[in-house]
Amino acid sequence: MEDGRTLQEQAGPPQREPPVSGEPLVVESLTTEIRRRRGSFAAVDNVSFSVRGSEILGLVGESGCGKTLTALSIMRLLPEAARITSGRVLLGGRDLRGLREADMRGIRGKDVAMVFQEPMTSLDPSFTIGMQLIETIRAHGAGTKREARDRSIEMLENVGIPRAATRLDDYPYQYSGGMRQRVMLALALLLEPAVLIADEPTTALDVTIQAQILDLILQLRDEHGMSVILITHDLGVVHEIADRVAVMYASEIVETATAGEIFRKPQHPYTQGLLRSLPELARRGTPLPVIEGRVPELGALPASCRFGPRCPNRITRCDDEHPTLERANGDRELRCFNPTEFELRLGH
Amino acid sequence: MEIESSAASTQPSSSSGSGTNGSLLQVRGLSKSFPAERGGLLGRPTAWLSAVDDVDLDIAAGETLALVGESGCGKSTLARMIMRLIPATAGTVDFAGLDVLNADRQELLRYRQQAQMIFQDPYGSLDPRMNVDAIIAEGLARQGLNKAKRRSRVRQLLDVVELSADVADRYPHEFSGGQRQRISIARALAVNPTFIVADEPVSALDVSVQSTMLNFLHDLQDRFGLTYLFISHDMSVVRHVADRVAVMYLGKIVETAPVEELFGNPLHPYTQALLSSVPTVSREGPSERIVLEGDVPSAIDPPEACRFTGRCFRVIDSCRAAVPPLEDSAGTSHHHVACFNYEALPRGRSGTQGNHS
Amino acid sequence: MATRPADVHTGGAALAASGAEGRLRDAFVLLWANKVALLGLVLTILFLLIGMAGIVILLHPGLHHLWEDQNLRAVLVTPGSEGHLLGTDNFGRDLLWRIVAATGLSALMAVGVTAFVIVVGLVMGSVAGFFGGRADTGITGLIDLTWGFPLLLVAVIFAGMVGKGLNAVVAAAAVILWAGFARIIRAQVKTLREREFVEAARMLGTPAWKILVRHMWPNVLGTVLVMASYYVAITIIVEAGFSFIGLGVQPPTPSLGGIIAEGRNFWSVSIWPSVIPGATIALIVLGLNSLGDGLRDIFDPRLRRF
Ligand SMILES: Nc1ncnc2c1ncn2[C@@H]1O[C@H](COP(=O)(O)OP(=O)(O)OP(=O)(O)O)[C@@H](O)[C@H]1O
Ligand SMILES: Nc1ncnc2c1ncn2[C@@H]1O[C@H](COP(=O)(O)OP(=O)(O)OP(=O)(O)O)[C@@H](O)[C@H]1O
Ligand code: SF4
Ligand code: SF4
Ligand SMILES: [Mg+2]
Ligand SMILES: [Mg+2]
């Protein structure tokens, strides 16, 4: 993994305002609440992080902890039941929360684009793949129909769809799961966004095509200074391409550090548990290791440490207080009263 | 984790009296072509996409066969044909003596009480207008359970997939991707199937929840002898759960072998490239990835040749002249490979590192 | 999205909802929160109540005098005068009662036509879209054939067969309009059929008819609701149009279009006899469309706010 994480300035796509301090995207104390029949709860709770120019930030965490909703909050594409209740989202220094929807539409795709976790949530089943790609280009007023078509074909080929010119006229159901996922990526990369939010962009891909897709992302990062938030459960991928990693648990960030630090010296007990559960480290014929206990219900979280009920390191303080995210040594931030050292044992 | 043992009692005895050569599922010559271009007279197709081509597959009762392969190579299409959700172009599927593709209504209903599928796309496979309770209970309609029994069964299944019972009245859009995937697992388990086609069943789960699900599926297998066709891109998961692995490339099975044999001694050039690209946390420094050159080929009107020719690093002339048949590799009768010019990798360069049992 | 207007609904948290009753209650809460739909509901209820009153005075001979009695000494009086809340027409007949009666006629006809169009269109469209093959070819042929006929022509033909009047209009509208609806439903069902949840239902052994009823219909419900309100509106407009040109309801029976047509001749004396029925039509259509849109949102779980 070569490290392109210098604070190199963005040479990339034209930007209306200069990025502030080399951090194209800053999320500050973002809280997003979901309304339920009986009360509401925070699915994203006081989340802060920033993404530097040309940086790849991995966002990992347990299923249902609020990663997708964090991304949707940034994009302002939240479902009806959800609402941002506090915090700021600064894109190139501009607070997206204050923008009118019409302005936001101009920003989506161009300044910040998203690959959705489940392609069918955003691909319209009644239009061909081609129509949807061409529509996206044309919505941002770029070029003629012919040009848009050529660009779409080129983009589909970039993401490894063979015979793209023919397959442009297919409907989404005629694509395989992984092909739909790559269409999502093509849609997101069409306009060469400054920031890419990729929510599980490669889960449905085999490793050879995955490698190709990751190379494409790295290439855009290197050529255009694109920054990336990579949301994924595939820790192998995070290890290979992320510069920094943020770990979420129960709608909060519990640890952030450089990728090397997270994998070599995870300090939060949840991060440690996650790495311990990796199937590649498990012995065949034995049950796969898991983190004991249940993923908590977001509606009914303890006021103390949210990982407490499952934590092997718990001390009395953990039962009384809610830990805050504190800056630890170096570039690390940590939300824990009793962190311990941990060494990932590689191989056997 | 306790799942009602009615699974055991409703286990049809017919499933143990399996096919002719001891396998529960026998696939022979299965093919599927989709019309790829319609330009002819009256919109007749002028080109065909050969999604699955002449596939043979055997799965023994109680076995887990993993199916891996390139994205778009036809895994889901194969699964759909086995479940008879789409018609096959050619071939047969034999399930415990039942000719699945020609089964009549009654037989098909019985088949569908025994064989279930976990769909690859959890969002698309859950009806947005149905709440979780209705989704999971749908398959129970034929089992004559009363309302209270159905409810408790749904709750129990939700518990198994680590969701709380009060999500039952929520709709699919109210869940995270991984939660939807677990609902889809619960639905497939509802009718106590003996055979499950799991198409990427845990791809949207974090490793801990994923492990919980896999342990549970394994547990079911241990106790009730379930059989799995497990489609996955995650090689470390495959290595852990599979008994045998079949590798597919562009509509064809190119290699099958017992799991340790395949990971330890991959023979087909595609398999070798595949295993060398697995991203891992346990490797420091750059990987020795075999990068596949050349464009991803298309399955539209493929030539009569090895379908890997365009990208293969071991291609020879005869590869372009004929389709390599899937044959026993030198030395063993368990390891089959479809290649004219395969060669084992030098020791130490094979596959992912990690678990050797 | 964050630009959404401030949410007026605060009562949701107190709801304990489970089962059908709870769902119904949820629907009301959501309706209450959706002011446009609420307006639509109020207008539609008003329309239906007036319509029922109108049917009563049309059917009961003892009440005919309300809308039939002429008073040539008080023709075309302005609204509000001499005990005529909405004034009188050129025969001195009370406009209020005539509008009530006409609304009754419109309501009866519109609901009848719409019910026919929705039921036939839904069944034909979903059978064609879901089963495909020969059923599809047959039904699509029928749709295209029907759609090719101009409504006016059909109405004239029917008028020739059964005589001018309401029956001809109703028959013509019903016979033509279903095809458009069937076509919409067919297209939607065809797309839905390719969705994986339909495959999932088949995998679970759900029979075809049940897939149609349990998976297809709920998913086209939004379209049905919106289109139903549209068809009620369009029928009223069509009837008004036909009555206006003399093909529809025959005098002295009042209809909204007929009243406009008669009033038109006296435009220079008083505009009210044509403006009032015109405004009535506009309000009815507005009410139905708002209600239709609102109901679609309310029945879509994805658009719910809690
Ligand atoms: N539209 C919605 N209505 C109600 N609750 C929702 C909605 N969307 C998400 N949630 C809830 O919010 C929580 C966070 O969801 P989110 O999709 O952000 O999780 P995630 O971290 O992306 O998980 P995964 O890895 O499984 O995709 C989940 O517990 C989910 O149940
Ligand atoms: N209904 C359809 N009509 C036309 N083509 C189809 C249809 N379904 C699948 N295909 C094509 O068949 C090929 C195989 O698709 P399939 O979904 O089986 O792939 P897959 O191996 O499951 O891939 P992935 O891992 O990406 O899910 C693809 O090229 C796909 O576009
Ligand atoms: S604060 Fe305490 S309970 Fe929470 S993770 Fe740290 S040690 Fe565990
Ligand atoms: S048959 Fe030839 S082209 Fe095909 S995989 Fe083997 S060596 Fe490569
Ligand atoms: Mg998610
Ligand atoms: Mg697939």
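**Figure 1. Contact between chain C and chain B in the predicted model.** The contact is made up of 17 residues of chain C and 21 residues of chain B. On the side of chain C that touches chain B, α8 (196-203) and α9 (208-244) of chain C each contribute at least two residues. The most comes from α8(C), which gives seven residues to this side. Sorted by class, the side of chain C that touches chain B holds seven nonpolar, five polar and five charged residues.

**Figure 2. Contact between chain A and chain B.** Here 55 residues of chain A meet 56 residues of chain B. Four elements of chain A give two or more residues to the side that touches chain B: α6 (177-189), α7 (207-224), α8 (235-241) and α10 (269-276). The largest share of this side belongs to α8(A), with five residues. The side of chain A that touches chain B consists of 24 nonpolar, 20 polar and 11 charged residues.

**Figure 3. The shell of residues around ligand 3.** Chain A supplies the residues that surround ligand 3. Cysteines in this shell are Cys305(A), Cys311(A), Cys318(A) and Cys336(A). Ligand 3 is also surrounded by Phe307(A) and Phe337(A), together with Pro269(A) and Pro323(A). The remaining members of the shell are Gly308(A), Asn313(A), Asn338(A) and Arg314(A). By class, the residues around ligand 3 comprise eight nonpolar, three polar and one charged. The charged residue is Arg314(A), while Gly308(A), Asn313(A) and Asn338(A) are the polar ones.

Technical notes. Residues are numbered from 1 along each chain as its sequence is written. Chains are lettered from A and ligands numbered from 1 in the order in which they are written. This is a predicted model: local features need pLDDT of at least 70, side-chain atom pairs count only at pLDDT 80 or more; totals for chains, interfaces and linings use all residues. Two residues are in contact if their C-beta atoms, placed from the backbone, lie within 7 Å. A residue is near a molecule or strand if its C-beta atom, placed from the backbone, lies within 6 Å of it.
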